[in-house]
Amino acid sequence: MNGATSNSPVIEPNETDHDAESRARSIRVLFSEKRIALRIEELADEIAAAMPKELVVISVLKGGFIFTADLIRALHRANFEPEIDFLKLSSYGAGTESTGDMNILFDLSANVADREVLIVDDILDTGRTISLARQLLVDRAAASVKTCCLLDKAERRLVDIQADFIGFPCPNEFVVGYGLDYAHRYRELPFIGVLSET
Ligand code: IMP
Ligand code: MG
């Protein structure tokens with residue numbers, strides 16, 4: 001131990017600020033790897049029952065990429081052969097509050113006109129992202145647009161929108177893991193959890 005008081009992080013010799021910050025946080029598991037995997041198989045069956053096989057899956061970056069990767073393989077097991085594309089809209093940046101400022105940061109390469117589209121994202125929070133993505137696809141003359149979000153934080157909604165397919169209702173807490181980040185970190189975690197100070 002060094003001479004730090006109980007309220008300040010203890011920084012060991014040779015330890016970076018990043019290491020010290022990691023030690024100062026712990027993550028409480030909300031949705032385990034196993035639970036997510038089981039729910040995704042069910043979601044793929046729900047999608048397969050409601051949508052045509054000639055589907056374009058649009059993954060909303062960055063947060064949606066891990067969920068999309070698992071969902072399209074579950075769709076394969078349900079005998080689907082989806083085309084995959086990516087869309088990046090402006091995100092939260094380094095903090096935890098939405099700016100309400102939305103831009104297309106990375107556009108689709110597919111022509112979605114007359115196609116059946118499924119938008120896939122990690123979490124439905126204020127609803128701005130999914131609502132903007134949905135409008136973009138409608139404007140580009142998609143034949144139909146459905147939405148699938150792994151998590152739904154219904155309490156936080158500012159835009160009147162529901163997803164067609166939802167993995168889990170999510171409590172009003174900031175969650176990380178399985179594609180979701182806090183300040184660009186924790187996306188790689190195989191589970192979803194809540195950050196808490198130790
Ligand atoms: P919305 O536009 O407010 O619905 O926000 C959607 C985007 O904000 C999601 O796709 C996430 O990237 C991000 N986001 C919202 N809530 C959380 C959270 O609890 N943890 C991490 N990212 C979040
Ligand atoms: Mg996102």
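Student: How many bridges join E5 to E6?

Tutor: This is a predicted model, in which local features need pLDDT of at least 70, side-chain atom pairs count only at pLDDT 80 or more, and totals for chains, interfaces and linings use all residues. Residues are numbered from 1 along each chain as its sequence is written, while chains are lettered from A and ligands numbered from 1 in the order in which they are written. Strands (E, at least two residues) and helices (H or I, at least four) are DSSP runs numbered from the N terminus, and two strands pair if DSSP finds at least two bridges between them. E5 and E6 run parallel, and the bridges that join them number eight.

Student: Which residue in E6 stands opposite Asp121?

Tutor: E5, which covers residues 116-124, and E6, which covers 144-152, both give two or more residues to the largest nonpolar core. Opposite Asp121, the residue in E6 is Cys149.

Student: Which strand do four bridges join to E6?

Tutor: Leu151 stands opposite Phe168, which lies in the strand in question. That strand spans residues 165-169 and runs parallel to E6, and its name is E7.

Student: Which element gives the most to the largest nonpolar core?

Tutor: A nonpolar core is a set of buried Ala, Val, Leu, Ile, Met, Phe, Trp, Tyr and Cys residues joined through C-beta atoms, placed from the backbone, within 7 Å, where buried means that 20 or more other C-beta atoms lie within 10 Å of a residue's own. The core has 41 residues, and among those that touch the most other members are Val117, Leu118, Ile119 and Val120. With six residues, the element that gives the most is E5.

Key. Buried ≥ 20, exposed ≤ 12 C-beta atoms within 10 Å, placed from the backbone.
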